[in-house]
Amino acid sequence: MTDLQGKVAVVTGGAGGIGQAMGRRFGREGMRVVLADVLAEPLDRATRALSDEGIEAVGVITDVTDYASVESLAKEALTRFGAVDVLCNNAGTGGVSEGYMWEHDLADWRWGIDVNVMGVIHGIKAFVPILLEQGEGNVINTCSGNGGFAPIARGAMGGPATAVYPMTKAAVLCLTESLYTHLEMTGTRVRAHVLFPGGFLNTGIWESWRHRPERYAASQERRTPAHTLADVVARFEAAGARVEFTPLESVAEQVVDGIRADRFWMMGPPTPADGVVSRKAASILARGAPDYLVDVLGRSAEREPESEGESR
Ligand SMILES: NC(=O)c1ccc[n+]([C@@H]2O[C@H](COP(=O)([O-])OP(=O)(O)OC[C@H]3O[C@@H](n4cnc5c(N)ncnc54)[C@H](O)[C@@H]3O)[C@@H](O)[C@H]2O)c1
């Protein structure tokens, strides 16, 4: 699809961060936009911000963990705009767990899987039949290099990072590969894409714990405090890393370019971090140890254990 003018985009997790940036960019391309999110007030603010720019936008409160809620999002989008051309399965929750993975709270696993994996499955089930009926469209699933390529198993200080988040993003990549093939088998012009937002992004994902739903309440007492983005930045800087946020507009740019170029892998320009992909392929082919695993700063050196909860 090259002409986006007048088309309709639905973006889950649209109340902020990458989702809102995609919605804004779609709107600037002349698209009509449905922002969907579980957080009512941020969703209202995000939708108003787009409308104030002259973008035709509507906000629909949606919980992607609940299939009925995603089905009514689809109905609402059709009622409002008469079509859905682009679906971004983007809602996500970050890593809140601490310690080694066998110590992670089962509630953390359930929350992460329900939002990051079932949320994408619900989006595919509710929307793909609509796109197929129309004969054209794009499904963009937000993945992450953390899991999509390999888990960041160690945090900045060398301790264990969450195992929940990367596992869910590995599933998102796999789901999108299956979706690509299944769509191709039908001969449709509906396309599947996987988005890898790159760089260090200033979004709510670092502090997902602030909006933890009651039904996924922690069942274990925390031993360490939950991290803020400011904590993460301070740790990066203490470890000698230069912290510079990548503008969210560049992620939205990747998406619009990727739709126009019909690109499955929606990624930025090659970076040294891509080395994980080739090292992983080499390790598999050599039947070797997983020596491609790195910490959140891209380093592979051994460090003393200390509990951490990086996500991304
Ligand atoms: N920020 C990064 O560095 C980064 C990197 C790679 C991938 N991602 C992915 O990008 C996506 C967007 O995250 P972000 O970084 O903009 O963070 P964010 O926290 O700003 O946005 C995520 C949005 O999803 C919403 N959400 C959470 N649970 C939901 C539910 N049950 N139903 C509907 N909406 C729900 C949140 O309310 C929030 O508005 C996520 O899938 C995330 O995993 C982020």
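1. Starting with the ligand: 29 residues sit around it, and Gly13, Gly17, Gly92, Thr203 and Gly204 come nearest. Keep in mind that this is a predicted model. By type, the shell has 16 polar residues, 10 nonpolar and three charged. Helix α1 supplies the largest share, three residues.

2. Next, helix α8. This one runs over residues 248–261, 14 residues in total. From first C-alpha to last, α8 reaches 20 Å, close to the 20 Å expected at 1.5 Å a residue.

3. Which residues of α8 are buried? They are Leu248, Val251, Ala252, Gln254, Val255, Gly258 and Ile259. Looking down the axis of α8, the buried residues fall within an arc of 150°, so they line one face of the helix. Asp257 and Ala261, on the other side of α8, are exposed.

4. As for what covers those buried residues of α8, the list includes α1 (17–28) along with the strands β4 (86–89), β5 (136–142), β6 (189–195) and β7 (265–266). So α1 turns up twice in this note: as part of the cover over α8 and as the top contributor to the ligand shell.

5. A small backbone detail to look at: Asp262, just after α8, takes a positive phi of about 55°.

6. Zooming out, the protein has nine helices and seven strands. Its radius of gyration is 19 Å, which agrees with the value near 20 Å for a compact globule of 312 residues. Along the principal axes, the C-alpha atoms fill a box of roughly 55 × 45 × 35 Å.

7. On packing, 46% of the 312 residues are buried. Of the contacts between residues at least 6 apart in sequence, 74% join residues at least 24 apart.

Definitions and conventions
Residues numbered from 1 in each chain as written. Predicted model: local features only at pLDDT ≥ 70, side-chain atom pairs only at ≥ 80, totals over all residues. Helix = DSSP H or I, 4+ residues; strand = E, 2+ residues; numbered from the N terminus. Expected span 1.5 Å × (residues − 1). Buried ≥ 20, exposed ≤ 12 C-beta atoms within 10 Å, placed from the backbone. Arc of directions from axis to C-beta. Contact = placed C-beta atoms within 7 Å. Near = placed C-beta within 6 Å. Nonpolar A, V, L, I, M, F, W, Y, C, P; charged D, E, K, R; others polar. Rg over C-alpha atoms; globule rule 2.2 N^0.38 Å.
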